[in-house]
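Here are a few exercises to work through with the model open in your viewer. Try each one before reading its solution.

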Amino acid sequence: MNLFDVYPINPINIVRGQGSLVYDNHDTEYLDMYGGHAVISIGHTHPHYVKRLEDQLHKLGFYSNSIEIPIQKELAEKLGKVSGKEDYQLFLCNSGAEANENALKLASFYNGKKKVIAFSKSFHGRTSLAVAVTDNPKIVAPINETDNVIFLPWADEAALEEAFKNNEISSVIIEGIQGVGGIQVAPESFLQKIRSLCDQYNAVFIADSVQCGYGRTGKFFSHDFAGVDADIYSMAKGMGNGFPVGGIIISPKIQPAYGMLGTTFGGNHLACAAGLAVLETIEQDNLFQNAAEVGGYLIKELNKLEQVKEVRGRGLMIGIELPEELAHARKELLNKHHIFTGEAKPNVIRLLPALNLTKAHADRFLEAFVNVLNQ
Ligand SMILES: Cc1ncc(COP(=O)(O)O)c(C=O)c1O
């Protein structure tokens, strides 16, 4: 049987990893400035992570959500503490798209309304509602098309106010920093405006934190920089450091009812062990602070390079916009210097490394990048 060929693939076979370094089957070392697409939050094979998963696996890997699963409560408590949203409620699932799917559905259950506001260049996932609020017609199948989504220009307060006027809006979904859209930071005043309009019209503010959340920017949620709380935060990627864990946290004003949401695999014992290992490591190793410091250093140094058009982002979520003639830089970083980075079109290099990236590894990247720019 062949694999369904949907990914353009680099001919590299990564077989092991440690921290921010990974190795291929010929034992060539690569620096991982991409974190496997923002997934590796505490570094590859972190010893605490490996041990916690191993211990759990020896006890119990899975049982269904029809029984008590105390490790879910443990994860919820730790997440409340580390994120500062202690009075929120946690629903666990398995991916970012699923988290957004549940968030949008829950919002509609809550206020009985149907319309969703999303923004240009947004990416929220590939399942039915998640892809419908994603601004990329190429990945929306005819069956996903709906009149319920209103796309507005990014950060346009007047357009936002206008869209709310007929009082049909169920929710607004926004990334605190657009990832796939090219690392665009949502202006704080815009997030504050969303908060006040959602309050005024009883709509639900959904903060998609799948890529920009979990401490990547130096705060738990990048939306926190605006000083307002969303009603639902969706999370995945860094939450399990590679184990598929997703979830939403839900404001106390939204009440649960049996059957409203559900999942077979979400919140299983192993997933919760992975989630706890990540949060414990974030806490123990002060990883928010490291993300802010090493990320701030990278942004400062990148801003000094005159060939770079623009540097955007916060902490360890960084976009480097390059002129057309330097479009080859990302490939050169990989092929010549063995450094993985991400991309966004057109010509944006995305850095999404583990939150414990060291300054020495940041310098190794900067040196290689300068070399590539000056060829
Ligand atoms: C902001 C954002 N939301 C949602 C998703 C979808 O997550 P998943 O691929 O886990 O379904 C992604 C994935 O890249 C994302 O970046």
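**Exercise 1.** This is a predicted model. How do the axes of helix α2 and α8 run relative to each other, roughly parallel or roughly antiparallel?

*Solution.* Start with the geometry: the axes of α2 (residues 47-59) and α8 come within 9 Å, and they cross at roughly 155 degrees. Angles over 145 count as roughly antiparallel, so α2 is roughly antiparallel to α8. Next, the handedness: this crossing of α2 and α8 is right-handed. Finally, pick out who touches whom: α2 brings H48, Y49, R52, L53, Q56 and L57, while α8 answers with H269, L270, A273, A274, L276, A277, E280 and T281.

**Exercise 2.** Find the largest nonpolar core and say which helix gives the most to it.

*Solution.* The largest nonpolar core holds 106 residues, and V172, I206, I232, A274 and L316 have the most contacts inside it. Helix α8 (residues 269-284) gives the most, with 10 residues. Now check the domains: at least three residues come from each of domain 1 (14-46 + 286-373) and domain 2 (47-284). Then zoom in on V172: skipping neighbours within four places in sequence, V172 contacts I117, I194, C198, A203, F205 and I206.

**Exercise 3.** Is Y214 buried or exposed?

*Solution.* First locate Y214, in the loop between β10 (204-208) and β11 (232-235). Its phi is near 60 degrees, a positive value in a non-glycine residue. Now count: Y214 has 31 other C-beta atoms within 10 Å. The cut-off for buried is 20 or more, so Y214 is buried.

Definitions and conventions. Residues are numbered from 1 along each chain as its sequence is written. This is a predicted model: local features need pLDDT of at least 70, side-chain atom pairs count only at pLDDT 80 or more; totals for chains, interfaces and linings use all residues. A nonpolar core is a set of buried Ala, Val, Leu, Ile, Met, Phe, Trp, Tyr and Cys residues joined through C-beta atoms within 7 Å. A residue is buried if 20 or more other C-beta atoms lie within 10 Å of its own, exposed if 12 or fewer, and partly exposed in between; C-beta atoms are placed from the backbone. Helices (H or I, at least four residues) and strands (E, at least two) are DSSP runs, numbered from the N terminus. Domain bounds come from an automatic or database domain assignment. Two residues are in contact if their C-beta atoms, placed from the backbone, lie within 7 Å. Axes are lines fitted to C-alpha atoms, for helices over the stretch in contact, and angles run from 0 to 180 degrees between N-to-C directions. Angles under 35 degrees count as roughly parallel, over 145 as roughly antiparallel, 65 to 115 as roughly perpendicular and the rest as oblique. A crossing is left-handed if the near helix is turned anticlockwise from the far one by less than a right angle, and right-handed if clockwise.
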